[in-house]
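Dear colleague,

Here is the structure I promised to pass on to you, and I would be glad if you looked through it before reading my notes underneath.

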Amino acid sequence: MQNHHEPVVPAGTALSDEDVAREAAALEEVWHGRSGFWGWLTSVDHKSIGKRYIVTAFAMFLAGGILAAMMRTQLMRPENTLLGPDRYNQIFTTHGTTMMFLFAVPIMTAMGTYFVPLMVGARSIAFPRANAFGYWTYFVGVVFLYVSLIANTGPDTGWFAYVPLSGPQYAPGHRVDVWAQVVTFTEIAALVAAVNIIVTTFKMRSPGMSLNRLPLFVWAQLVVSFMIVFAMPAVATGSTLMLAEDRAVNTHWFNPAEGGDALLWQHVFWFFGHPEVYIIFLPALGFITPIVETFARRKVFGYTALVMSNITTAFFAFGLWVHHMFATPIPELGQSLFTAASMLIAIPTGIQIFCWLATLWAGRPEFRVPLLFVLGFIFTFVNGGITGVMLASVAFDKQAHDTFFVVAHLHYVLIGGGVMPLFGAFYFWFPKITGRMLDETLGKVNFWLFLIGVNVAFFPMHVLGLEGMPRRVYTYLSSTGWGPLNLVSTIGAYVIALSVVVFLVNVIKSWIGGEAAGHNPWNSSGLEWATSSPPPPYNFVHVPVTTSRHPLWDTDVHLPVMTGLRSDRREVLITTTFDARPDHRHEDPEPSIWPLYLALCMGLTFIGSIFSPYLVLVGLGASLPGLLAWAWQSLNSHRGPDRVAAPDVLAETT
Amino acid sequence: MHSAFDPASPQAHLIASLWWWMLGVGGTIWIIVIATMFYVSFTKHRHREPDDPQHVSEATHRRMERAVIAAGLVTVLVLTVFLGFDYSVGHALAQHPQRALTINVTGHQWWWEAEYEDPDPSKRITTANEIHVPVGQPVQFKLRAADVIHSFWVPNLNGKRDLIPGYVSSQWFRADTAGVYRGQCAEFCGLQHAKMALYIVAEPPAKFAAWMAAAAQSPPPPADSARLYGQRVFLSSGCAVCHTIGGTQAQAFVGPPLTHLKSRATIAAGTLTNTRANLMGWITNPQAIKPGVRMPAYPLTPLQLEALVDYLETLK
């Protein structure tokens, strides 16, 4: 059945080098944005946006890491006085908020923004200006949170902001408002990225890339984008609407004294909060398949099983949220349903790990740094997965909940399942983004320090939790006996910090003078390796045609391409949703300053809402000309879609 | 004295045995997965294929398929058994006793109020942060929150239960071994979440009954002029706005009741041992010990302070 729509490459239509060079020059002319600082501000190139997204989100990882080091230093010994409770609460809240909202989710969508168009063989992302707008919105959130923290108005009620502690009565001042609005910015940015990835995946794939040939990286991004679309509105309703209203205009959504319900917040928050974990974890699993395939030199075993695991994980992820609330007075029968669901989700995750192990088994693993991080992922994540199944038990959870046991569990899961694959992905795709290889030796030092640091820092916390140490405490009495293990944990945290420093040194050193990478340094199979490193603004000189799941492995020398897209304007090919047959040509927008302008207006609106409802009107008023200009730009340049019944010409190029 | 590893009630025993089973099975699974990872990564296999990604023989493919399916089935099996085990433990824990000593616990920022229920309101005893219970008898706790969410947790005796404004939740256990068990608030509740401890004092029924009888009495009025002066300081300096002392006009519950202050081992919700020096230090500057605590420092003269503490020390 899948052969039915296979594009046919007419014999003897190979493109000459001259054709290719001429086409490249024409495309360069049309797709090259403005240069200089203005060019940077107005860029709508998904690679430029993706790159700054990755850099900003990684800077947030560093910032959150510095906060973590401060906390670990405070907890190093009992009754330490480095940080008082007021500072400590701001720091642990900002650490959680940063890592969840400003690092983990954005960096995963950033990787998608950069790589999904390349992997599906598209010239651009579906909505380039919206993509830029999403980044700038996120950037406003980043600046806002850290300016607030430095000004001693950092949020201090936890990244989960439970009411009534975060309500107007117990959290006067603007600290919680800062949190609520930072969440708003990241919700908008995530939704924009999700819509972009969904549409790019469904409508802009290379001819022949039917859904059953979609790379698993892209599958993961697609599934997660749908999760974002369903999860983010819950927290948006909770924080931006209900909590902000309770705080700003005296509604009583969560105020039991006036008939509100404090538990309602927890439902709304965790209905988002639990899928959030998988929104971080699934894209990271998407990184693993290409790394395993490339270094085992084997096509991944169980493509269909892996896709189905992604989808079932996403589905179950929405049925687990109550396991964050087992200690609340929710009926036991209801809780047991969530126990079963929480255990169920271990099955698709297990299957994915088994498939990768089977792939390694059949292959000849070559232990380059990206693969080391994948092994580190299995080593660390499986531990977190097992404690996760333990925590699904209501009885056990009532002992472990809100203790350092959970701190250990969540860091094993998120560092093991998110950050380890992410480091692997950095080493794997850095050559594509920069054109240079990362240093292998420093990479190995980075890996081993990280693996050791994570286990030394977080393993003792399991014991601490069951010995009674609750989370979110700024200190503890020496009579508790928790001192020695806390000291070990702090030493581990410093080792992690050291490994991240090694990584930074590696990045700087390699970006300046690393070994040149070439198109496809790892001899990998995906379409992103079919273009230069870094890719040109138009991604591919000719749109590639896909005939299998592993285009660069299955076509011997020549990659089939299609021609017929105009090179005198920014034109992209739109294909059909399931089979990726060419459908029509579409003009891509020019660089624009309005995404930045609108993001700033959005900042004014939401940050202003903290101080006065009138500032909301000012912000909305200011964004009106921006919206008009954006639409005007579209009207002026967009001449409607040009239908194509079939690709004009199919040809081959090397 | 503060650990889930050292259960002192049937409830905590059940959870602890569940934990040790999970640790054993989970640890074994982890070891198997990691051993498999090393095996597939580092061992030379006979069936290794040539370095060509296209070429995976039928036999190898079948072998991979069998391995993955088997591992998947084992996962399902282990999870199913575990689910059954967990439900049986959950079921046992959910069997609330028909008759039990009932204690109303209210969480405050940042201390625990405990009221022993009695049909006769005049016989209800209220204390703070140290809850006495009889050994071998079930004790039922009705949990409420006065301000924000707290969580009642004494790991040696049972798991935790949240105290949520607008809800009454419940928890029970039967302490089988006499002893003093420490617990600590487990839900983040603001500035002094870290120093909101409580003690469960489990004692033989006779001793418990004696404690109850003593706790029901109001302390004797001050016997000498110094202590009388101390009581005056207490009632006139602002202490009485927040605290209760039985037999006086001080009847407020913003802070812990002090009727039997000296019968408790600690002050400031388990933060300091209950010595004269600590008591003076606490009254002089509570913000230095628990920054953000609701109790302000009172500007007392040394004479007033001495007299006040003299008086407080009579509250046995």
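Helices α6(A) and α7(A) are roughly antiparallel to each other, because their axes cross at roughly 150 degrees and an angle over 145 counts as roughly antiparallel. Please keep in mind, here and below, that this is a predicted model. To find the second of these helices, look at residues 216-249 of chain A, which form α7; the axes of α6(A) and α7(A) come within 8 Å, and α6(A) passes α7(A) in a left-handed crossing. The residues of this contact divide into 18 nonpolar, six polar and three charged.

Helix α6(A), which covers residues 175-203, also packs against helix α4(A), residues 85-119, with the two axes 10 Å apart and at an angle of about 20 degrees. Since angles under 35 degrees count as roughly parallel, α4(A) and α6(A) are roughly parallel to each other, and their crossing is left-handed. If you would like to trace the contact residue by residue, those in α4(A) include A:Phe101, A:Leu102, A:Val105 and A:Gly112, while those in α6(A) include A:Trp179, A:Val183, A:Ala190 and A:Ile197. By class, the contact of α4(A) with α6(A) has 13 nonpolar and eight polar residues, and no charged ones.

Turning to chain A as a whole, you will find 19 helices and six strands in it. The radius of gyration of chain A is 25 Å, which is close to the 26 Å that the globule rule gives for 654 residues, so the chain is as compact as a globular protein of that length. Its C-alpha atoms fill a box of roughly 80 × 60 × 50 Å, taken along the principal axes, and 60% of the 654 residues of chain A count as buried. Among the contacts in chain A between residues at least 6 apart in sequence, 82% join residues at least 24 apart.

Finally, there is the contact between the two chains, to which chain B gives 68 residues and chain A gives 66 residues. On the side of chain B that touches chain A, the elements giving two or more residues are α1 (10-42), α2 (58-94) and β7 (161-163) of chain B, and the largest share, 17 residues, comes from α2(B). Sorted by class, that side of chain B has 40 nonpolar, 19 polar and nine charged residues.

With best wishes

Terms used:
Residues numbered from 1 in each chain as written. Chains lettered and ligands numbered in written order. Predicted model: local features only at pLDDT ≥ 70, side-chain atom pairs only at ≥ 80, totals over all residues. Axes fitted to C-alpha atoms, helices over the stretch in contact; angles between N-to-C directions. Helix = DSSP H or I, 4+ residues; strand = E, 2+ residues; numbered from the N terminus. Parallel < 35°, antiparallel > 145°, perpendicular 65-115°, else oblique. Left-handed = near helix turned anticlockwise from the far one by under 90°. Contact = placed C-beta atoms within 7 Å. Nonpolar A, V, L, I, M, F, W, Y, C, P; charged D, E, K, R; others polar. Rg over C-alpha atoms; globule rule 2.2 N^0.38 Å. Buried ≥ 20, exposed ≤ 12 C-beta atoms within 10 Å, placed from the backbone.
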